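Reader: I have a model on screen. Please show me how to read its core and its surface.

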Amino acid sequence: MFDKTYRQRLEADLAQWEADGVIAPAAAASIRHALPPLSPGINIAMVVAIVGGLLIAAAFLAFIAAHWTEVARLVRFAILIAGMTVAGGLGAWFAARQRTVLADLCAGVGAIIFGAGIALVGQMYHLGEDFAGGMLLWSIGAFATALLTGSRGALAVGLVAASVWTCMRVYDAPDVLHLPFLIVWLFAAALAFAWHSRVAAHLVAIAVLPWWVATSLRFEFDGAQPSFVLANGAALLFGAGLAIAAAPSPRALRLGSVLSVYGAFSLAVAAFLEVTTVDDLVRFRDGSGAGQPLWAIACGIAGVILALASAAITRRAGELLAAAAIALVLLAAPVWPASMAGESWLAYAALLSAMLCLVVSGMLDDVRPRIVAGWLGIAGVIAGITWAVKGSLLRRSAFLGAAGVAAVAFATALNRMLPRAAR
């Protein structure tokens, strides 16, 4: 929840509680006094200033690019150094005046100029054509900037460069699992943890997805379905996020909560892809089977174990259901008879049950993104079952009807089991 929105709601609640006599005015004043001051945030003038600064920077770069061939090499190099120096100096000036957003922007611009400098220096002096290596160097420089300045923008630049680097390495060597990216990602995750920043946590969570997608889409797995490999990655991200959030630390809670949200949405997408890709709505390869590499299976199992450990620590029923959702999505892979012409009703039932568990889990833990992910997963799985190419539409309608009756019966039993206040 954003601090400003939370403060507005808290202020309204305090006023209402004072009016109702629930708390004394002195207690309300004490609560207000204990709250830290709000950060200045971004106002309209700052947004316009940021856009103006970006336009001026773009105009400068376009002017330099238009006359690039007419400029001597040493002058070109001096221009690049000057650009990074000016960006860093402006960032320091803004930071000294508590203009943190503008200081962060300057650090990010400096990291971008550094990347442009790598490319242009390589082009000027005809260095080796290892584009992926250049992206890695860019990423290292951006991470160094982020470490020294605390810039979220520089962290974003570093993660983007690292994602391009790993995707290129996966393309160049598809038969080798590109594990060095995980070292870079763990460093970024450590920064997000140390900063206690929700923005950094979101950046870190997003950055792991391209690596896993690129790894899953490699065609060298013998009979492997990319959707099943993606499901194992989503399971690990979801379970690890829950386990991190269960640690007794506000920093861990913030980072783990964000990771678990992305894991929940990834799990819903993986469930949808399992239906649509295995039933040939989308073809990744001919004769694809349900095989999975052992390392991916281990990641999925680890995700289930971490989710169960989190449930044991927090003693929340919702996290136990989250572990069940992960396990059911993973269970769909081995029970799917991809090599046969028929349909796997057990896999359909497992995926529907998994998404239902995800919705109920979010409701019990009061985590709205998890609820949204579950509903999206239910809609995607139902759509995939209904419009899949193989099989009889009449049988599918009978299956969906039976699943609906089972869901209503489960709801009735659940309504009687839960206390009246929790219904």
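Author: We go from the fold to the core, then to the surface. This is a predicted model, where local features need pLDDT of at least 70, side-chain atom pairs count only at pLDDT 80 or more, and totals for chains, interfaces and linings use all residues. Residues are numbered from 1 along each chain as its sequence is written, and side-chain values use heavy atoms, without hydrogens and water.

Reader: How many helices and strands does the protein have?

Author: Helices (H or I, at least four residues) and strands (E, at least two) are DSSP runs, numbered from the N terminus. Here there are 16 helices and zero strands.

Reader: How do I read a nonpolar core?

Author: In soluble globular proteins, nonpolar side chains tend to be buried together. Buried means under 20% relative accessible area, exposed over 50%, partly exposed in between (1.4 Å probe, protein chains only). A nonpolar core is a set of buried Ala, Val, Leu, Ile, Met, Phe, Trp, Tyr and Cys residues joined through side-chain atoms within 4.5 Å. The largest one here has 39 residues, and Leu 155, Leu 159, Trp 185 and Val 204 have the most contacts inside it. Among the elements giving two or more residues to this core are helix H7 (152-172) and helix H8 (180-195). A second, separate core of 35 residues includes Leu 242 and Ile 371.

Reader: What share of the residues is buried?

Author: Buried residues are 39% of the 423 in the protein.

Reader: Is Ile 305 buried or exposed?

Author: Ile 305 is exposed, because its relative accessible area is 52%. Ile 305 lies in helix H12.
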